[in-house]
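Open your viewer, switch to a cartoon with side chains on demand, and follow along one selection at a time. Each stop below tells you what to pick and what you will find there.

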Amino acid sequence: MKNWLKLLISIILPQIAGGLGALVTISSVGSWYQTIEKPSFNPPSWIFGPTWTLLYIMMGVSLYLIWKSNHPFKKKALWLFGIQLFLNAIWSPAFFGLESPILGLIVIIPLWVMILVCIRAFFPIDKWASYLLIPYLLWVSFATLLTASIWYLN
């Protein structure tokens, strides 16, 4: 497969995962989410879309760097990425779709772990692929704190 096609697929896959989550989120943000208690550090809603879009692009480039490599651990790293992307995709349905902060917390904690696992697995294959996931880990760290706070407050 040509590298430009791998790059395109790599960038589109995380966007699809995010788009599916956004479909669930949109219906709850205007209703249920407005009625629950949120911590004082809860960012405005308009921050989430651009932040996630940028993070999904960075995830896609990271995925591409691994996919195009010839490293013997490439297949394992791609599977790990797939697991974390699946967890990412089910967080919104768990939190927003089921209107359940505790389910969101149950999903986001293993997501955080899997992002860290991916960062470590990607590093020997391509350092930049690993570095590109660090902002994602930081954002999910913040999202974990936010999710735990919402659960606690409600």
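Start by selecting D126 together with L65 and I66: D126 touches both of them, leaving aside residues up to four places away in sequence. Bear in mind as you look that this is a predicted model. D126 sits in the loop between α5 (101–122) and α6 (127–131). Now show the side chain of D126 and the backbone of A129; a polar atom of that side chain lies 3.0 Å from the backbone nitrogen of A129.

While you are here, which side chain of opposite charge is nearest to D126? Add K68 to the selection: K68 is that neighbour, 5.5 Å away. With a salt bridge counted within 4 Å, K68 is too far, so D126 has no salt bridge although D126 is buried.

**Next stop: helix α3**

L65 and I66 lead you into α3, so select residues 48–67. The 20 residues of α3 should span 28 Å at 1.5 Å a residue, and the end C-alpha atoms are indeed 28 Å apart. Colour the buried residues of α3: W52, L55, Y56, M58, M59, G60, S62, L63, Y64, L65 and I66. What covers them? Show α1 (3–29), α4, α5, α6 and α7 (134–153), which are included in the cover over these buried residues.

**Across to helix α1**

Pick S10, which is found in helix α1. S10 touches G60, L63, Y64 and W67, again not counting residues up to four places away in sequence. Is S10 buried or exposed? Its relative accessible area is 0%, under the 20% cut-off, so S10 is buried. Show the backbone of K6 as well: the side chain of S10 reaches the backbone oxygen of K6 at 2.7 Å.

Now draw a distance line from S10 to S28. These residues are 18 apart along the chain, and their C-alpha atoms are separated by 29 Å.

Move on to G30, in the loop between α1 and α2 (32–35). With a relative accessible area of 63%, over the 50% cut-off, G30 counts as exposed. Draw another distance line, this time from G30 to I125: the two are 95 residues apart in sequence and 43 Å apart in space, C-alpha to C-alpha.

**Along helix α4**

Select residues 74–97 for α4, a helix of 24 residues. From first C-alpha to last, α4 reaches 34 Å, close to the 34 Å expected at 1.5 Å a residue. Where does α4 bend? Look at I90, where the bend is about 30 degrees, and then at the proline P93, which follows within four residues.

**Last stop: E99**

Finish with E99, which follows α4 and lies in the loop between α4 and α5. Most residues other than glycine have a negative phi. E99, which is not a glycine, has a positive phi near 50 degrees. Turn on the surface here: E99 is partly exposed, with a relative accessible area of 40%.

Methods. Residues are numbered from 1 along each chain as its sequence is written. This is a predicted model: local features need pLDDT of at least 70, side-chain atom pairs count only at pLDDT 80 or more; totals for chains, interfaces and linings use all residues. Side-chain values use heavy atoms; hydrogens and water are left out. Helices (H or I, at least four residues) and strands (E, at least two) are DSSP runs, numbered from the N terminus. Buried means under 20% relative accessible area, exposed over 50%, partly exposed in between (1.4 Å probe, protein chains only). Lys and Arg count as positive and Asp and Glu as negative; His and the chain ends are not counted. A polar contact is a pair of N or O atoms within 3.5 Å; within protein, one must be able to donate a hydrogen and the other to accept it, and residues adjacent in sequence count only if both atoms are side-chain atoms. Contact means heavy atoms within 4.5 Å. The expected span of a helix is 1.5 Å times one less than its number of residues. The bend at a residue is the angle between axes fitted to the seven residues ending there and the seven starting there.
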